[in-house]
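Work through the exercises below with the sequence and the model open beside you, and try each task before reading its solution.

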Amino acid sequence: MSHGTARPPIRLGIVGLGYIGTTVGSQFYHHPNATVEAICDLDTDRLEGVGRTLGVPDDRQYADYTAMLEDASVDAVLVGTPHTLHYDQVVAALDRGVHVYCDKPLTTDLERARDLAQRAERTELTVMVGYQRHLQAAFRTARERFLEHEPQWLTASITQDWIDDSRGTWRLEPELSGGGFLYDTGSHVLDGVLWTTGLEPASVAASMDFHDDDGRIDRRAHLDVEFTNGATGTFSFHGDVPSVREHVHLWDQQGAVYLEGVQWGSRTVLEIDSDAGEYAPYIDPHGEPSRADAFLESVREGTEPPATVRDALRVTALTEAAYEAARTGKRISIDSLDSSVTDGD
């Protein structure tokens with residue numbers, strides 16, 4: 001007996017075939033609810049190679065994403081291009097009535113981030129941003145704590161051999177990257193803290209060391225942030241050290257939750273009580289949905305994606321304010337939702 005007609009798979013186009021386009025794109029390629037219909041990249045050799053891997057024929061391989069949107073029959077696109085290109089590509093997809101999965105950061109310009117937030121709220125299309133900590137069991141466990149407890153103080157840091165890893169790539173070209181380590185790996189940590197705690201940043205003071213003579217590609221950044229509820233916190237990012245280590249310590253009146261990790265493996269969670277006792281809650285990272293799982297579920301069910309444009313707007317507002325603070329030596333106030341970044345008192 002039939003229980004209904006199976007829904008057809010979501011037809012996906014991939015724009016940008018670098019690390020994100022190929023790794024997340026592979027999740028869609030192997031997913032039972034999606035097919036990769038078209039790919040787009042300026043590098044013809046990369047197009048051919050990825051096309052063979054994903055089984056995309058030559059006539060659905062494009063060097064121009066607007067041509068792909070016009071010619072290919074796609075329901076959704078994965079945008080995995082350099083940071084400063086995201087805005088135009090997301091707008092073009094939304095204008096064509098296409099769902100969007102966009103790598104982080106959504107954009108490197110605050111006004112454009114606000115514009116995308118407004119566009120996303122006016123449409124029923126899914127727009128998901130690639131902040132995968134929203135899917136990770138450790139961060140989701142920590143987030144549950146702050147649904148009932150108000151954060152008061154935090155420290156967060158991450159290190160990486162990012163400068164060496166990025167040599168010869170667009171990440172060290174500010175016209176494409178929009179910034180340095182803070183806008184790349186650091187963006188995940190900012191988002192992870194803001195999403196986990198629900199805190200809204202009010203102002204930031206910052207210092208940075210830059211890799212380039214023009215002072216646009218930061219290799220080290222230190223942020224001192226005040227939040228609207230009176231909480232304070234520090235973020236430290238260093239992209240010129242040998243290995244990846246992440247530490248996020250979030251305190252409230254009852255104690256704290258510590259999130260720790262090395263390299264790109266799963267993060268651990270440790271809860272600290274008011275008597276300095278420690279408790280490690282059970283978490284199962286094997287049950288975490290992939291980014292493709294989460295995006296396709298949102299598209300199919302019409303539900304809000306785990307990482308929204310509004311989440312990304314907060315990160316862009318804080319990031320842009322931090323760069324301004326580092327360059328001017330002033331504390332910069334932040335209003336991500338309504339107005340431009342302005343000087344604080």
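**Exercise 1: a pair of neighbours for one strand**

Thr155 stands opposite His249 in β11. The model is a predicted one, in which local features need pLDDT of at least 70 and side-chain atom pairs count only at pLDDT 80 or more, while totals for chains, interfaces and linings use all residues. Residues are numbered from 1 along each chain as its sequence is written, and side-chain values use heavy atoms, with hydrogens and water left out.

Task: find which strands β11 is joined to, and in which sense they run.

Solution. Begin with the terms: helices (H or I, at least four residues) and strands (E, at least two) are DSSP runs numbered from the N terminus, and two strands pair if DSSP finds at least two bridges between them. On one side of the count, strand β7 (residues 153-159) is joined to β11 (residues 245-252) by seven bridges, and the two run antiparallel. Next, eight bridges join β11 to β12 (residues 255-262), again antiparallel. Finally, β11 and β12 form a hairpin with two residues between them, and Asp252 has Gly255 in β12 as its bridge partner.

**Exercise 2: a parallel series**

Task: follow the chain from β4 to β5 and on to β6, and state the handedness of each crossover.

Solution. Strand β4 (residues 76-79) pairs with β5 in the parallel sense over four bridges, and Ala76 has His99 in β5 as its bridge partner. Between these strands the chain passes through helix α4 (residues 86-95), and this β-α-β crossover is right-handed, a term that applies if, with the strands pointing away from the viewer, the path from the first strand over the helix to the second runs clockwise. The next step is β6 (residues 127-129), which pairs with β5 in the parallel sense over three bridges, with Cys102 standing opposite Val129. Here the chain crosses through helix α5 (residues 110-122), and this crossover is right-handed too.

**Exercise 3: the surroundings of a helix**

Task: decide whether α11 is largely enclosed or not, and describe what lies at its ends.

Solution. Buried means under 20% relative accessible area (1.4 Å probe, protein chains only). Of the 20 residues of α11, 14 are buried, so this helix is largely enclosed by the rest of the structure. At its N-terminal end Thr308 acts as a cap, with a side-chain oxygen 3.3 Å from the backbone nitrogen of Arg310. After the helix comes Gly329, whose phi is positive, near 75°.

How values were computed: Buried < 20%, exposed > 50% of the residue type's maximum accessible area, 1.4 Å probe, protein only. Polar contact = N/O pair within 3.5 Å; in protein donor to acceptor, adjacent residues only side chain to side chain.
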